[in-house]
Amino acid sequence: AKDGGGGRHCQFEPILHASAEERRKLELSLRGALERHEMELQFQPVVDAKSENIVSFEALVRWHSPEHGFVSPAKFIPVAEDTRLIVPIGRWVLRKACEEALAWPEHIKVNVNVSPEQLLDPDFTDDVVRSLSETGLHPQRLEIEVTESIFLRDASVARSALEQIMALGCGVALDDFGTGYSSLGYIRKLRFSTIKIDRTFVKGAEQQSAESLAIIRAVVAMAQSLDMTTTAEGVETIEEAELIRALGCDKIQGYYFGRPMSASDALKLFSQADRQ
Ligand code: C2E
Ligand code: CA
Ligand code: CA
Ligand code: CA
């Protein structure tokens, strides 16, 4: 895949078609990527649906590889998960996200994605405690994001890790809700702070079938009665934003309100607001 074209077309290759050879090359480069400072965090705003004020930022990891160029997380996170490199990478993400959040106004939270391998690592809770105590970030300002896939492998270990995180005062969001494995049983047992409704439900919401809208409405109603909040993901247009707001979602995230940006650009949003 790496020829005179600099392997640029790799970026557009679907994950499933990444050859074993290509994955091996990615893995080799991924080892040592942290030490070589090739990883960076970007931050995407999450806004309150009614006021449109920023309430949080989601930390999204970026990898600039000298060999492969920019590699999207959709491509390298699965490789990092298979090789357990996600454990040190995820630890770095967590720590860095807490450090950046400390510079924001106190009411702004930070959302950090956590892979199943990372959550199931015996050191995970200690890592969270250390990131909070060493940076001084208040636990309530951290919300970790997990997908339903955490319950597929070792559900009881996953559940107990999440309970420990919640006991620290951190929030736990259920990411990509509605895609794949259904976890209504775990929603009953675990007090998630937020349910993130996947973009597949949001996309073209104003043209969606009555059934899709009924599903969003039902998820919002369920979340409200369980004292959880909802975030609609991937809102790209004003039409989607208005419909999502009308359906009662609490928070909105998507290109319409802001793309992932550098930590310094995120910080600038607050200094500009202060000057007005
Ligand atoms: P995710 O957690 O569901 O993150 C949301 C993804 O949707 C991000 O892609 C974001 O840039 C993108 N997005 C946001 N708004 C819009 C929109 O309006 N339209 C569209 N089409 N997309 C939007 P990104 O940054 O490429 O990340 C992809 C996935 O990689 C994430 O999905 C998450 O599963 C994973 N990921 C990213 N950073 C981390 C990390 O630090 N740790 C772990 N474990 N996974 C990560
Ligand atoms: Ca996420
Ligand atoms: Ca998501
Ligand atoms: Ca996702």
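**Figure 1. Surroundings of Ser56 in the predicted model.** Apart from residues within four places in sequence, Ser56 is in contact with Gln44, Pro45, Val46, Ile108, Lys109, Val110 and Asn111. Ser56 itself belongs to strand 2, which spans residues 54-65. The relative accessible area of Ser56 is 5%, so the residue counts as buried. Two of the contact partners also take part in polar contacts with Ser56. The side chains of Ser56 and Asn111 are joined by a polar contact of 2.6 Å. The Ser56 side chain also reaches the backbone oxygen of Lys109, at 3.2 Å.

**Figure 2. The calcium ion (ligand 2) and its protein donors.** Four residues supply the donors: Glu58 (OE), Asn113 (OD1), Glu145 (OE) and Asp175 (OD). These atoms lie 2.2 to 2.3 Å from the calcium ion (ligand 2). Along the chain, the donor residues follow the spacing E-x54-N-x31-E-x29-D. Asn113 in strand 4 (residues 109-113) and Asp175 in strand 6 are 62 residues apart, and the pair links distant parts of the chain. Asn113 has a relative accessible area of 28% and is therefore partly exposed. Strand 4 has a mean pLDDT of 99, the highest among the elements of the chain.

**Figure 3. The calcium ion (ligand 3) and the bridge to the calcium ion (ligand 2).** The protein donors of the calcium ion (ligand 3) are Asp175 (OD), Asp176 (OD) and two entries for Glu233 (OE). Their distances from the calcium ion (ligand 3) run from 2.2 to 2.5 Å. In sequence the donors are spaced D-D-x56-E. Asp175 lies in strand 6 (residues 171-177), whereas Glu233 is in the loop between strand 8 (229-232) and helix 11 (238-246). These two residues are 58 residues apart and link distant parts of the chain. Asp175 is buried, because its relative accessible area is 7% and the limit for buried is under 20%. Glu233, at 12% relative accessibility, also counts as buried. The two calcium ions, ligand 2 and ligand 3, are 4.0 Å apart, with Asp175 bridging them.

**Figure 4. The environment of ligand 1.** Ligand 1 is surrounded by 21 residues, and the closest are Gln44, Arg62, Ser115, Glu236 and Tyr255. Val61 places a backbone N or O atom 3.1 Å from a nitrogen atom of ligand 1. Two calcium-coordinating residues from the preceding views appear here as well. Asn113 has a polar side-chain atom 3.1 Å from an oxygen atom of ligand 1. For Asp175, an N or O atom of the side chain is 3.1 Å from an oxygen atom of ligand 1. On its own, ligand 1 has 800 Å² of accessible area, of which the protein covers 80%.

**Figure 5. Arg141 in the loop before strand 5.** Arg141 sits in the loop between helix 5 (124-135) and strand 5 (142-147). Its relative accessibility is 8%, so Arg141 counts as buried. Leaving aside neighbours within four places in sequence, the contacts of Arg141 are Ala101, Leu102, Trp104, Pro105, Glu106, Ile108, Lys109 and Val110. Among the residues listed for Ser56 in the opening view are also Ile108, Lys109 and Val110. As a distance reference, the C-alpha atoms of Arg141 and Lys203 are 29 Å apart in space, and the two residues are 62 residues apart in sequence.

**Figure 6. Asp121 in the loop between helix 4 and helix 5.** Helix 4 covers residues 116-119, and Asp121 is placed in the loop between helix 4 and helix 5. Asp121 counts as buried because its relative accessibility is 11%. Beyond four places in sequence, Asp121 is in contact with Arg84, Val87 and Arg91. Arg31 is 90 residues from Asp121 along the chain, and their C-alpha atoms are separated by 19 Å.

**Figure 7. Confidence of the predicted model along the chain.** The chain has a mean pLDDT of 91, and 91% of its residues reach 70 or more. Helix 12 (residues 263-275) has the lowest mean pLDDT among the elements of the chain, 84. Over residues 1-10 the pLDDT stays under 50, and the model has ten contacts beyond four places in sequence for this segment. The model scores are ipTM 0.98 and pTM 0.92.

Note on methods: Residues numbered from 1 in each chain as written. Chains lettered and ligands numbered in written order. Heavy atoms only, no water. Donors = N, O, S within 2.8 Å, 3.2 Å for Na, K, Ca; no water. Helix = DSSP H or I, 4+ residues; strand = E, 2+ residues; numbered from the N terminus. Buried < 20%, exposed > 50% of the residue type's maximum accessible area, 1.4 Å probe, protein only. pLDDT = per-residue confidence, 0-100. Contact = heavy atoms within 4.5 Å. Near = heavy atom within 4 Å. Polar contact = N/O pair within 3.5 Å; in protein donor to acceptor, adjacent residues only side chain to side chain. Areas by Shrake-Rupley, 256 points an atom, 1.4 Å probe, with all protein chains shown as cover.
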